[in-house]
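New to this one? Here is a quick briefing to read with the model open beside you.

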Amino acid sequence: MRRKRRTEILINGSKKLAAAMANEILENYKASIMEEPNDGLVMVKVRESAKKSLFYIGEVFVTECKVRIHDSLGIGVVTGHEKELAYQLAVIDAAYTARLKETEGWEKLLLEEEKKIAMDRADKLKQVLKTKVSFETMDTE
């Protein structure tokens, strides 16, 4: 599983999953913090649809952290003030980069969590669509 997909699942899913995965690594390995979780701003790039040109629409507040396990660096970046989650993401990323044996069983957990996220989004969409007004069927007289 690619880093982007894995990170999206961990950020959008249950915080307990990220904590459990990070704790599994921290129980067995020494993680050196290279950069303490700290706040920062990241520029958001957007493609303008008519001219297909790129421009910066603004900034997003993030928390970022860097961790090293053995010789492998892990990075955790999350929007908002989420120091603990940024640290957990960095530990998980370092574990994948180091190809630790614990990561082999995680894909199944991540796929299950991805299904839960999709089901939750579908339920929310269904609730929103219940309130949608169809103007074609409204009687205007």
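**How the helices pack**

Helices H2 and H3 have axes 9 Å apart and pack at an angle of about 55°. That makes H2 oblique to H3, because an angle counts as oblique when it falls outside the ranges for roughly parallel, roughly antiparallel and roughly perpendicular. Keep in mind as you look around that this is a predicted model.

**H2 against H3**

- The crossing of H2 and H3 is left-handed.
- On the H2 side, the contact is made by Lys15, Ala18, Ala19, Met21, Ala22, Ile25 and Leu26. Over on H3, the partners are Leu85, Tyr87, Gln88, Val91, Ile92 and Ala95.
- Sorted by class, the contact of H2 with H3 has 11 nonpolar, 1 polar and 1 charged residues.

**H1 and its buried side**

- Helix H1 covers residues 3-12, and its buried residues are Arg6, Ile9 and Leu10.
- These buried residues take up an arc of only 95° around the axis, so they sit on the same side of H1.
- It helps to remember that an α-helix has 3.6 residues a turn, so residues three or four places apart point the same way.
- What do the buried residues of H1 pack against? They pack against helix H2 (15-28), H3 and H4.

**H1 against H3**

- The axes of H1 and H3 cross at roughly 150° and come within 11 Å.
- H1 and H3 are therefore roughly antiparallel to each other, since the cut-off for that label is an angle over 145 degrees.
- The crossing of H1 and H3 is right-handed, whereas that of H2 and H3 is left-handed.
- In the contact, H1 brings Arg3, Arg6, Thr7, Leu10 and Ile11, and H3 brings Leu89, Ile92, Asp93, Tyr96 and Thr97.
- By class, the residues where H1 meets H3 divide into 5 nonpolar, 2 polar and 3 charged.
- Arg6 and Leu10 turn up twice: they are among the buried residues of H1, and they also take part in the contact with H3.
- Ile92 of H3 does double duty, meeting H1 and also joining the contact with H2.

**Two loop residues with a positive phi**

- As background, most residues other than glycine have a negative phi.
- Lysine 52 goes the other way, with a positive phi of about 60° although it is not a glycine.
- You'll find lysine 52 in the loop between strand E1 (31-47) and strand E2 (54-69).
- Is lysine 52 buried or exposed? Lysine 52 counts as exposed, because its relative accessibility is 56% and the cut-off is over 50%.
- Arginine 99 isn't a glycine either, yet its phi is positive, near 55°.
- Where is arginine 99? Look in the loop between helix H3 (83-97) and helix H4 (106-130).
- Arginine 99 is exposed too, with a relative accessible area of 73%.

**Two spots on H4**

- Lysine 124 is in helix H4, and with a relative accessible area of 57% it is exposed.
- Lysine 124 and aspartate 93 are 31 residues apart in sequence and 30 Å apart in space, C-alpha to C-alpha. Asp93 is one of the H3 residues that meet H1.
- Alanine 118 is also found in helix H4, but it is partly exposed, at 44% relative accessible area.
- Alanine 118 and serine 14 are 104 residues apart in sequence, while their C-alpha atoms are 13 Å apart in space.

Definitions and conventions:
Residues numbered from 1 in each chain as written. Predicted model: local features only at pLDDT ≥ 70, side-chain atom pairs only at ≥ 80, totals over all residues. Heavy atoms only, no water. Helix = DSSP H or I, 4+ residues; strand = E, 2+ residues; numbered from the N terminus. Buried < 20%, exposed > 50% of the residue type's maximum accessible area, 1.4 Å probe, protein only. Arc of directions from axis to C-beta. Contact = heavy atoms within 4.5 Å. Axes fitted to C-alpha atoms, helices over the stretch in contact; angles between N-to-C directions. Parallel < 35°, antiparallel > 145°, perpendicular 65-115°, else oblique. Left-handed = near helix turned anticlockwise from the far one by under 90°. Nonpolar A, V, L, I, M, F, W, Y, C, P; charged D, E, K, R; others polar.
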